[in-house]
Amino acid sequence: MAKNCAGCKAAVTGREFMKCCICCLVYDLHCANVSSKRFYLMSIENKQSWKCLECRSSEPKAYNTNNPIRPGTVASNDAANVTLRDGNKNKNRRKSSDDLPSLEHSVMSNDTLRAIVREELHEMFQTFLKKSLNEIVSEAKISSLESALKFCNSQFTDLKKFFEDNVSTISLLQKQNETFKLSVNDL
Ligand SMILES: [Zn+2]
Ligand SMILES: [Zn+2]
């Protein structure tokens, strides 16, 4: 019966082919990556337990993650990143070291430095002012509310005091009235 290689789809003839024990697909030796020398040296057990590349790579997940190829690629990526980062660092270092003498060079132009500082301070001050203004506004709102509450409270306290005073005055007047009444009766 005519078989076709699962890899290259070419017809597989003769005995030189490998059959995957998982998917049962047939591969010619080239696609199975098995040399004819190895094929003839292979034991029957080895041939029967042979797995195609696809089944080998997709079969056990644990094996796949432990596959030395994967960490290797990751490591190489890391190494690339490290070298990249190092490269950037070196670049930055070089840049700053390049900048330093130029800065030292520009030290003599104090006006430029002063202008830069002034600009920087101006910007800082502006943002600070804006921020603090906002804070003051919101605080003012709060404080006005607070003072309003305080005012109401004091008003209420005054009213309460007034009322209490009146009550005591009334009771005093009542007492006086009583004594007055008694004295009238005595008359
Ligand atoms: Zn093939
Ligand atoms: Zn297979």
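**Exercise 1. Contacts along the chain**

What share of the contacts in the chain with a separation of 6 or more comes from residues 24 or more positions apart?

*Solution.* Keep in mind that you are working with a predicted model. Take the contacts with a separation of 6 or more, then pick out the pairs that sit 24 or more positions apart; these account for 34%. For one pair of residues 28 apart in sequence, look at Cys24 and Cys52, whose C-alpha atoms are 9.0 Å from each other.

**Exercise 2. Layout and confidence**

List the secondary structure in order, then find where the predictor is most and least confident among the elements.

*Solution.* Start with the count: the chain has 4 strands and 7 helices. Reading along the sequence gives β-β-β-β-α-α-α-α-α-α-α, with the strands ahead of the helices. Next, turn to pLDDT. The chain average is 76, and 72% of the residues reach at least 70. Among the elements, strand β4 (residues 26-28) has the highest mean, 96, while helix α6 (residues 69-106) has the lowest, 48. Finally, check the stretch from 63 to 97: pLDDT is under 50 throughout, and the model has 2 contacts beyond four places in sequence for these residues.

**Exercise 3. The core**

Name the members of the largest nonpolar core, and trace the contacts of one of them, Cys31.

*Solution.* First, the overall burial: 4% of the 187 residues count as buried. Then collect the core, which has 6 residues: Ala6, Met18, Tyr27, Cys31, Ala32 and Cys52. This fits a general tendency, as nonpolar side chains in soluble globular proteins tend to be buried together. Now follow Cys31: once its neighbours within four places are set aside, its contacts are Cys5, Gly7 and Cys8.

**Exercise 4. Placing Lys19**

Is Lys19 buried, exposed or partly exposed, and which residues does Lys19 touch?

*Solution.* Locate Lys19 in strand β3, residues 17-19. Count its C-beta neighbours inside 10 Å: there are 17, so Lys19 is partly exposed. Leaving out residues up to four places away, Lys19 touches Cys24 and Val26. As a further distance, Ala6 is 13 residues away along the chain, and its C-alpha atom lies 9.8 Å from that of Lys19.

**Exercise 5. Two positive phi angles**

Compare the backbone setting of Cys24 with that of Asn33.

*Solution.* Begin with the background: most residues other than glycine have a negative phi. Cys24, which is not a glycine, has a positive phi of about 65 degrees. Asn33 also has a positive value, near 60 degrees. Then place each residue: Cys24 is in the loop between β3 and β4, and Asn33 is in the loop between α1 (29-32) and α2 (36-41). Last, test exposure. Cys24 has 10 other C-beta atoms within 10 Å and is therefore exposed. Asn33 has 12 such neighbours within 10 Å, so Asn33 is exposed too.

Conventions: Residues numbered from 1 in each chain as written. Chains lettered and ligands numbered in written order. Predicted model: local features only at pLDDT ≥ 70, side-chain atom pairs only at ≥ 80, totals over all residues. Core = buried A, V, L, I, M, F, W, Y, C linked by C-beta atoms within 7 Å. Buried ≥ 20, exposed ≤ 12 C-beta atoms within 10 Å, placed from the backbone. Contact = placed C-beta atoms within 7 Å. pLDDT = per-residue confidence, 0-100. Helix = DSSP H or I, 4+ residues; strand = E, 2+ residues; numbered from the N terminus.
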